[in-house]
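Welcome, and thanks for opening the viewer. Please load the model, show it as a cartoon, and keep the selection box handy for the stops below.

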Amino acid sequence: MKQNLSILLILATAFNVAAQNKKVVKPVQTYTVANKKVTVYTTAEKSEYRISKTETLSFAENKQPFETEPCIFVDPTVKYQTMVGIGGALTDASAETFAKLSKKNQQELLTAYYSLDKGIGYTLARTNIASCDFSSGSYTYVQDNDKDLKTFSVAHDEQFKIPLIKQAIAASGGKLPLFVSPWSPPAWMKDNNSLIQGGHLLPAYRQSWANHYVKFIKTYEAMGIPVWGLSVQNEPMAKQKWESCVFTAEEERDFIKNFLGPTLQKSGLASKKLIAWDHNRDQIFQRASTILNDKDAAKYVWGIGFHWYETWTGSGMQFGNVKQTHEAYPDKALIFTEGCKEKYDVNKLDDWTLGERYGYSMINDFNAGTAAWTDWNILLDEKGGPNHVGNFCFAPVHADTKNDKLIYTNAYYYMGHFSKFIRPGAKRIGSASSRDKLQSTAFLNTDGKLVVVVMNQSDDKLKYSLWIKGEAATTTSLPHSITTLVVE
């Protein structure tokens, strides 16, 4: 009897081990384009097309294309990052320019950016904490040497910026995730006693500065403006003639883990998305590795933000650095926090390369793992400002304030090819082009609509097929064009 019991125990133990080691077989994901149509939207140089519905395609069987058949290969079962949102910054400059427009044009602009049906459906926004270069002048929210922030007030913002942000939220249907960024602490908190030319935050004011973020967020929220996230410092390695403050990688890491992170947590703001770096792609990996390899700092960080201005050094856009950062830290989000075409020239408002720079960056940033993409100013005036240090730039939309007129550059339409069709919650999916002249990215929305963006920067008219699981729909890419193909 005892022997039989031992045999039963051995068998039971063996069964349990086998059960624990048995692999769970997941069902194979499938996707079919049977009975689906492809709606094509096009923006092209030397044409009337501006996110225009240009054709409807059908799929036909094509099991294996030859090398002579250009294709965009898409696999909806291969999934990557989840889209957070696409949008632009609501700066002082945008707000001041907006205020100079007639009510009719104000409404037109809000509809153009934030309506999904009649516009391009922005779903993300950024604004500046205190002044930046795109402000009419420098300002702060506290009086000098007020370490306890008793004089804190955002009264400055109530004239232009806060009204614009509230109208943008309303135009978005009541929800517009907003992240906020400081350009500089007050001058008296810094070792150079100036808002400009870099300088460092003095150790004695680290806690006061951490408290300042909390004051700003809670004040805005009390005024009816929810804040989704914040970045630690705009361009922390830039010594600028405008508002700036330098944080080395180690300084930012230590400020996050010893001051800003704990302060947000203690203040009930732990759910706010904290963004580190917020500067160019050139040093993104070095900054991310320094901060995220420290578990006590990393636990507070939601993601790494970046800009596209590494080109000022003569470099091209370094998408490889973005991809490497994503691969090294896949649990942290990547967010493009700012980009614009610099050196404004009114004679180049129709320059087609404006939009192509956006398309090129967005496709490659998304393919490198980026989950959110934020343009700089949504609106600037006829001079590329206002800007208190003469750093005039392009925006997707400019206002001729003297004649009460809105000017839409092609950058607005290029951004719209992404923001209008790729919605929050969408999953990036496998997409590969068999021709270098055709660049692509693809997403699968939560409603099942499959979105493929294809850009052609060449002078050539290129015939190609959208190929999905042995089925192909054939179309033609116009020279210097961007198209969005929606499969449903």
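## First stop: a strand pair

Select residues 397–400, which are strand 14, and add strand 15: the two pair in the antiparallel sense over 4 bridges. Strands here are DSSP runs (E, at least two residues), and helices are DSSP runs too (H or I, at least four), all numbered from the N terminus. Two strands count as paired if DSSP finds at least two bridges between them.

Before going on, note that this is a predicted model, where local features need pLDDT of at least 70 and side-chain atom pairs count only at pLDDT 80 or more, while totals for chains, interfaces and linings use all residues. Residues are numbered from 1 along each chain as its sequence is written, and side-chain values use heavy atoms, with hydrogens and water left out.

Now zoom in on the pair. Val397 stands opposite Tyr408 in strand 15, and Ala399 stands opposite Leu406. Follow the backbone round the turn: strands 14 and 15 form a hairpin with 4 residues between them. In that turn, click Asp404, which has a positive phi of about 50°.

## Second stop: the sheet around it

Add strand 13 to see an open sheet of 3 strands in the order 13-14-15, with mixed pairing. Strand 13 (380–381) and strand 15 (405–408) stand at the edges with a single partner strand each, so one side of each has no neighbour in the sheet.

## Third stop: helix 7

Next, select residues 284–292. Is helix 7 mostly covered or mostly open? Mostly covered: 7 of its 9 residues are buried, where buried means under 20% relative accessible area, exposed means over 50% and partly exposed lies in between (1.4 Å probe, protein chains only). Among the buried ones are Ile284, Arg287 and Leu292.

What do these buried residues pack against? Their partners include helix 6 (249–266), strand 9 (273–280) and helix 9 (319–328). Contact here means heavy atoms within 4.5 Å.

## Last stop: the whole chain

Zoom out to the full chain, with its 11 helices and 21 strands. Its radius of gyration is 25 Å, close to the 23 Å of the globule rule for 488 residues, so the chain is as compact as a globular protein of that length. That radius is taken over C-alpha atoms, and the rule is 2.2 Å times the number of residues to the power 0.38. Turn the model around: along its principal axes the C-alpha trace spans about 80 × 75 × 40 Å. Buried residues make up 56% of the 488.
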